[in-house]
Amino acid sequence: MIHHIFILIQKILNLLLLTILLITGFLFGCDQKQDKSAKTVNSESPNIIFVLTDDHRFDAMGFMDHPFLETPYMDKMAREGIHFSRALVTTSLCSPSRASILSGMYAHNHGVVNNYNPVDSTLKFFPEYLQEAGYNTAFIGKWHMGGEIDNPQRGFDYWLSFKGQGTYWADGHGTSRVVPQTSMDGYNVNGKRIPQKGYITDELTDFAMNWLKEYVDDRPFMLYLSHKAVHSDFVAADRHLGRYKATQLILPRTYKIEEGKPMWLTNQRNSRHGAEFGYNLADFDLNKYYRRYCESLLAVDENLGRIMDWVEKSDEAENTIVIYMGDNGFQFGEHGLIDKRTAYEASIKVPLLIWNPGKNAKNKIIKEVIANIDIAPTILDMAGIQIPGNMDGRSFKPLINGEDVDWRKELLYEYYWERNYPYTPTTHALLTDRYKFIRYQGIWDLDEFYDMQEDPDETRNLINDESYQKLIEQHRFRIFELLRKSNGNTIPLLPDKGKTFIFRNPEKSKPAQFPESFYQ
């Protein structure tokens, strides 16, 4: 009996000892994790404010010699910071470009190739790496990936968003049409629904300012402010309505499509994304639409100024980096088109500015090709965090610091045909320091080749010019080499979702004729 009691006591003691060891190991492990994060972030780790706008083309800023648009705060960023004059996107479409910014990957790798389908749950965003390193992260604004959702997403400690495209005003006033994925459901704030009350550009900045003013954490922060503006249907703040009513859009050189261009381009002119039948509105006025675009940008600039003013007055001014970027460009008559998606300059070129009071070189222009896939690795590099090997982009921090670096001489562009907007074919392009080769997939049509040094407006398609054939084939080969190296040999195919806009205006341009080179 005594022997059995002794054995029982011994078992209990062994169990207690094991429990103590497990608890100690767990706490030690936690301490190790905390120490690892503490070693990653320190007093010199910068705060980062990333401001993203929608459809902001590269030249819609005052300092870009715009004839009338006033953007004093963007001008200030360029004057006191860095302007990247050759900033491009690798896919000119909202959701794919946003996914590239967050992941550092090409669309063929992150899998977000349209505005409707869900995001792969295994895709990791750069804010997740910041969190793991000890950053406090916040997202405020337009998410627009995975369809009409606004629920909190991974990588953010604070969350405020709206479904799909949201709306400029809660009552919808000022619009000329109903935009697909418009939502009047207000905001999702950390899982709680609250109503929209005012103009969305102002309100999103209000939320951002409140978050900044109330921030008391010792950890460095990353604030991702993502505007709805200036996505169509462009609606300016009431205070800016009519500011540019007396102005006139100067039509681009390529408004009238030149000979030798693809048939799909001529056909798109009379479509929802064409200058003749924009958004299928019978009374579409390109000049009026451009004025509305510029007036809508005024609130973006004003609210950017509020952020910059807070930074300058804060104790963390020298340790806070502000980055301003557009998610893709926008065409206003170039090649007879509106909207984006194409590999033409007005579609793929975006504004990119960096401002860090007291640290950046003043009025510095970086002319190297910077892409949206470079944002994630650069922000991680700025924060002192190792860049994951699966990112397609590169950190341009060395360029900011003026280091002599062997930078890219070419960039791959891709766009995948959408059933919703079937006018633009699947596109792959190779962009070099001088030439642009555009290859179309799944369509009986011409490819395109341009000498961007001699023809920056892309007026003369050299695809059939005998003197360029060897160079064209080199570019064609190089596209497939880059696709192979980046695991892009397959075309993503996702379920059909959303409406399809197939309409043409019978009173406008007729279908294109096959080019003479196709006849034998």
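The following exercises, each with a worked solution, concern the predicted model shown above.

Residues are numbered from 1 along each chain as its sequence is written, and side-chain values use heavy atoms, with hydrogens and water left out. In this predicted model, local features need pLDDT of at least 70 and side-chain atom pairs count only at pLDDT 80 or more, whereas totals for chains, interfaces and linings use all residues.

**Exercise 1. Overall form**

Determine how the radius of gyration of the chain relates to the globule rule for 520 residues.

Solution.
- Step 1. Count the secondary structure: the chain has 12 helices and 18 strands, where helices (H or I, at least four residues) and strands (E, at least two) are DSSP runs, numbered from the N terminus.
- Step 2. Compare the radius of gyration with the rule: the chain has 26 Å, close to the 24 Å that the rule gives for 520 residues, so the chain is as compact as a globular protein of that length. The radius is taken over C-alpha atoms, and the rule is 2.2 Å times the number of residues to the power 0.38.
- Step 3. Add the box: along the principal axes, the C-alpha atoms fill roughly 105 × 55 × 50 Å.
- Step 4. Consider burial: 59% of the 520 residues are buried, meaning under 20% relative accessible area, with exposed over 50% and partly exposed in between (1.4 Å probe, protein chains only).
- Step 5. Consider contacts (heavy atoms within 4.5 Å): among those between residues at least 6 apart in sequence, 71% join residues at least 24 apart.

**Exercise 2. The nonpolar cores**

Identify which helix supplies the largest share of the largest nonpolar core, and describe the burial of α10.

Solution.
- Step 1. Apply the criterion: a nonpolar core is a set of buried Ala, Val, Leu, Ile, Met, Phe, Trp, Tyr and Cys residues joined through side-chain atoms within 4.5 Å.
- Step 2. Locate the centre of contacts: of the 82 residues in the largest core, Phe84, Phe126, Leu130, Tyr224, Ile323, Leu352 and Phe396 touch the most other members.
- Step 3. Assign the share: helix α10 (residues 375-382) contributes five residues, the largest share of this core. Apart from this core lies another, of 60 residues, which includes Trp169, Leu286, Tyr289 and Met308.
- Step 4. Examine one member: leaving aside residues up to four places away in sequence, Phe126 touches Ile101, Leu102, Met222, Tyr224, Ala376, Ile379 and Leu380.
- Step 5. Examine the helix: seven of the eight residues of α10 are buried, so the helix is largely enclosed by the rest of the structure. The buried residues are Ile375, Ala376, Pro377, Thr378, Ile379, Leu380 and Met382. After α10 comes Gly384, with a positive phi near 80 degrees.

**Exercise 3. Backbone exceptions**

State where the cis peptide bond from Ala229 to Val230 occurs, and decide whether Asn280 is buried or exposed.

Solution.
- Step 1. Recall the background: most residues other than glycine have a negative phi, and most peptide bonds are trans.
- Step 2. Place the cis bonds: the bond from Ala229 to Val230 has omega near 0 degrees, and Val230 lies in the loop between β8 (221-226) and α7 (263-268). A further cis bond, with omega about 5 degrees, joins Ser232 and Asp233; Asp233 also lies in the loop between β8 and α7.
- Step 3. Treat Asn280: its phi is positive, about 60 degrees, and the residue lies in the loop between α7 and α8 (286-313). Asn280 is buried, at 19% relative accessible area.
- Step 4. Treat Asn487: its phi is also positive, about 60 degrees. Asn487 is placed in the segment after α12 (469-485) and is exposed, at 60% relative accessibility.

**Exercise 4. Salt bridges**

Explain which parts of the chain the pair Asp202 and Arg239 ties together.

Solution.
- Step 1. Set the criterion: a salt bridge is a side-chain nitrogen of Lys or Arg within 4 Å of a carboxyl oxygen of Asp or Glu. The whole structure holds 35 of them.
- Step 2. Characterise the pair: Asp202 and Arg239 meet at 2.9 Å, N to O. Asp202 lies in helix α6 (residues 200-213) and Arg239 in the loop between β8 and α7, so the pair ties together parts that are 37 residues apart in sequence.
- Step 3. Assign accessibility: Asp202 is buried at 17%, whereas Arg239 is partly exposed at 45%.
- Step 4. Note the network: salt bridges with shared partners join Asp54, Arg98, Lys142 and Asp327.
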